[in-house]
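This report looks at the fold, the nonpolar core and a few individual residues of one protein chain. The sequence and structure come first.

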Amino acid sequence: MKTPRRQFLATGTTFGMAGLAVGIPGAIGAEPKELGTVEVSPAEDLMREHGVLKRILLVYGEAVRRLDAGEDLPPKPVAVAASIIRSFIEDYHEKLEEDYLFPRFKKANKLVDLTAVLLQQHRAGRRLTDATLRLSAEQAIQSAEERRALSESMRLFVRMDNPHAAREDTVLFPAFHEIVDAKEYGELGEAFERREHELFGKEGFEGIVGRVAAIEKTLGIFDLSQFTAHT
């Protein structure tokens with residue numbers, strides 16, 4: 001039986017979520033525990049999902065490069081990538097932030113200006129995804145004007161979401177642990193997990209990663225070694 005993503009079986013002495021949630025002082029379970037399971041923290045869960053986003057941004061980057069160079073670009077990989085952005089990032093990941101994180105920061109009167117900008121960027125990203133989904137339709141991608149518009153919608157999304165995710169990873173998520181107590185923090189992790197499997201089935205995160213990898217292979221950017229710098 002497959003072990004849930006947010007748990008792993010420890011062999012010997014394990015360290016609690018402080019060891020997993022790097023950069024989050026005083027994380028739950030900071031004391032060593034005996035044999036058992038250790039849960040991934042809500043912050044690490046969200047950061048893993050940012051990993052999916054970053055891989056799709058690389059897909060967008062390759063699609064933009066091909067469009068700008070006048071190279072062939074099959075429409076399906078772009079359409080599938082945009083659909084993952086819509087379902088996994090916008091309708092799931094960002095919805096978690098909007099429902100569970102932003103209101104708590106507002107109540108605690110912390111990072112209010114930051115969360116306001118992040119929410120504004122969520123809304124802008126959804127508009128860009130609407131455009132990318134529409135423009136990546138097979139019958140539209142052949143038009144020179146719509147190819148330029150598609151390139152621009154993806155370019156703007158990449159330009160916004162790289163700093164957006166970086167600011168959340170380095171500022172918002174570490175601070176989140178400081179505004180909720182240990183019990184609530186653990187309960188939120190379980191709520192995130194339940195929601196993930198409600199929306200994406202038993203494979204959850206792993207299934208989404210597999211879909212992104214398939215897009216990368218289609219576009220010839222899956223092999224990590226090709227990005228190694230040679231000096």
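H177 is buried, since its relative accessible area is 9%. This residue belongs to helix α5. Its C-alpha atom is separated by 9.4 Å from that of S41, although H177 and S41 are 136 residues apart along the chain. The model is a predicted one.

**Overall fold**

The protein chain contains seven helices and two strands. Their order along the sequence is β-α-β-α-α-α-α-α-α. The chain has 231 residues, and 45% of them count as buried. Among contacts in the chain with a separation of 6 or more, 75% are between residues 24 or more positions apart. The accessible surface is about 12200 Å², and carbon and sulfur atoms account for 56% of that area.

**The nonpolar core**

In soluble globular proteins, nonpolar side chains tend to be buried together. How many residues does the largest nonpolar core have here? The number is 53, and the residues with the most contacts inside this core are I56, Y60, F88, L101, M154, L172 and F176. At least two core residues come from each of the helices α2 (42-69), α3 (75-108), α4 (112-135), α5 (144-179), α6 (182-200) and α7 (204-219). Helix α3 gives the most, with 12 residues.

F88 is one of the residues with the most contacts inside the core. Leaving aside residues up to four places away in sequence, F88 touches E49, V52, H93, F200, F205 and I208. Of these, E49 and V52 fall within the range of α2 (42-69), and F205 and I208 within that of α7 (204-219).

**Aromatic pairs**

The structure holds seven aromatic pairs. Two of them are set out below.

| Pair | Centre to centre | Angle between planes | Geometry |
|---|---|---|---|
| Y92 and F200 | 5.5 Å | 75 degrees | edge-to-face |
| F105 and F176 | 6.1 Å | 45 degrees | tilted |

The pair of Y92 and F200 links distant parts of the chain: Y92 lies in helix α3 and F200 in helix α6, 108 residues apart. Y92 counts as buried because its relative accessibility is 1%, and the cut-off for buried is under 20%. F88 joins Y92 and F200 in one aromatic cluster.

The pair of F105 and F176 also links distant parts of the chain, with F105 in helix α3, F176 in helix α5 and their positions 71 residues apart. Both partners are buried: F105 has a relative accessibility of 0%, and F176 has one of 1%. F176 is also among the residues with the most contacts inside the largest nonpolar core.

**A buried acidic residue**

Helix α5 also holds D161. Which side chain of opposite charge is nearest to D161, and how far away is it? The nearest is R126, at 10.0 Å. A salt bridge requires a side-chain nitrogen of Lys or Arg within 4 Å of a carboxyl oxygen, and D161, though buried, has no salt bridge. Not counting residues up to four places away in sequence, D161 touches L53, L57 and E94. L53 and L57 fall within the range of α2 (42-69), and E94 within that of α3 (75-108).

Methods
Residues are numbered from 1 along each chain as its sequence is written. This is a predicted model: local features need pLDDT of at least 70, side-chain atom pairs count only at pLDDT 80 or more; totals for chains, interfaces and linings use all residues. Side-chain values use heavy atoms; hydrogens and water are left out. Helices (H or I, at least four residues) and strands (E, at least two) are DSSP runs, numbered from the N terminus. Buried means under 20% relative accessible area, exposed over 50%, partly exposed in between (1.4 Å probe, protein chains only). Contact means heavy atoms within 4.5 Å. Accessible areas come from the Shrake-Rupley method with a 1.4 Å probe; for residues, only the protein chains shown count as cover. A nonpolar core is a set of buried Ala, Val, Leu, Ile, Met, Phe, Trp, Tyr and Cys residues joined through side-chain atoms within 4.5 Å. Lys and Arg count as positive and Asp and Glu as negative; His and the chain ends are not counted. Rings of Phe, Tyr and Trp (its six-membered ring) pair if their centres lie within 6.5 Å; planes under 30 degrees apart count as stacked, over 60 as edge-to-face and the rest as tilted.
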